[in-house]
Amino acid sequence: VAGGLCTGTLIDPDVVLTAGHCVYLPSEGINAVNNPGSLEILGGADIFEWGGAIFYSNVQEVVIHPDWSGNISASGAVDLAMLHLSTSVTEIPYYGVREAPSASVGDEGWIVGYGLSSSNLPNSSGVHRQGETEIQQLFSDLMELGNPTGTCSGDSGGPFFTNQGGQW
């Protein structure tokens with residue numbers, strides 16, 4: 001992200017799912033996409049104190065969802081992008097996207113991200129945070145989360161974990 005921090009979710013050994021606004025260049029128009037060129041996968045309790053990347057790869061392609069409108073506040077807004085990596089990640093496990101998940105409005109789950117807390121304490125950027133949230137609305141292939149809507153400033157693109165059949 002130009003000047004910001006976003007979280008991403010490894011959904012395949014060579015694909016990272018993130019938020020569309022994390023790769024969007026508003027100064028260049030609605031279809032402008034920023035390809036970061038490379039991606040470092042960091043982890044731990046604080047990504048800036050850990051001391052190094054777990055994995056590094058060039059970004060082969062950035063694909064923003066075709067229904068991206070640039071308005072992440074609109075009801076039903078689609079805020080998704082994928083980064084196709086040049087090299088497959090083998091050092092860490094990935095969480096795939098479930099086939100035909102069962103979900104209902106009101107179902108609870110966990111969101112995870114790295115970023116600033118609501119209090120914006122000094123040196124709190126890049127700290128691992130998690131919190132409970134629930135499904136507010138369901139669409140044909142998307143869901144809207146809320147109550148609360150996020151864990152921190154920087155959690156965009158992070159995963160939403162739900163428990164189905166005893167499996168997260």
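Buried means under 20% relative accessible area, exposed means over 50%, and partly exposed lies in between, with a 1.4 Å probe and protein chains only. The model shown is predicted, so that local features need pLDDT of at least 70 and side-chain atom pairs count only at pLDDT 80 or more, while totals for chains, interfaces and linings use all residues. Residues are numbered from 1 along each chain as its sequence is written, and side-chain values use heavy atoms, with hydrogens and water left out.

**View 1. The whole protein, with 0 helices and 9 strands.** Helices (H or I, at least four residues) and strands (E, at least two) are DSSP runs, numbered from the N terminus, and in that direction the elements run β-β-β-β-β-β-β-β-β. Of the 168 residues in the protein, 32% are buried. Among the contacts with a separation of 6 or more, 63% are between residues 24 or more positions apart, where contact means heavy atoms within 4.5 Å. The mean pLDDT (the predictor's confidence in each residue, from 0 to 100) is 75, and 70% of the residues reach 70 or more; among the elements, E5 has the highest mean, at 91, and E3 the lowest, at 71.

**View 2. Thr 9 in strand E1, which spans residues 9-12.** Thr 9 counts as buried because its relative accessibility is 11%. Leaving aside neighbours within four places in sequence, Thr 9 is in contact with Val 15, Val 16 and Leu 17, and also with Gly 157, Gly 158 and Pro 159.

**View 3. The largest nonpolar core, a group of 12 residues.** A nonpolar core is a set of buried Ala, Val, Leu, Ile, Met, Phe, Trp, Tyr and Cys residues joined through side-chain atoms within 4.5 Å. The members here are Leu 10, Val 16, Val 23, Leu 39, Ile 41, Phe 55, Val 59, Val 62, Ala 81, Leu 83, Leu 85 and Val 89, and the elements that give two or more residues are strands E3 (38-41), E4 (55-64) and E5 (81-85). In soluble globular proteins, nonpolar side chains tend to be buried together. One core member, Leu 10, is in contact with Val 15, Val 16, Val 89, Ile 92, Pro 93, Tyr 94 and Tyr 95, once neighbours within four places in sequence are left aside.

**View 4. Val 59 in strand E4.** Val 59 is buried because its relative accessible area is 7%. From C-alpha to C-alpha, Val 59 and Gly 37 are 5.2 Å apart in space, although 22 residues apart in sequence.

**View 5. Asn 34 in the loop between strand E2 (15-18) and E3.** Asn 34 counts as partly exposed because its relative accessibility is 21%. Its C-alpha is 5.0 Å from that of Val 23, and the two residues are 11 apart in sequence.

**View 6. Ala 77 in the loop between E4 and E5.** Ala 77 is partly exposed because its relative accessible area is 28%. Not counting residues up to four places away in sequence, Ala 77 touches Asn 71 and Ile 72. Between the C-alpha atoms of Ala 77 and Glu 144 the distance is 8.6 Å, with their positions 67 residues apart in sequence counted as separation.

**View 7. Val 105 in the loop between E5 and strand E6 (108-115).** Val 105 is exposed because its relative accessible area is 54%.
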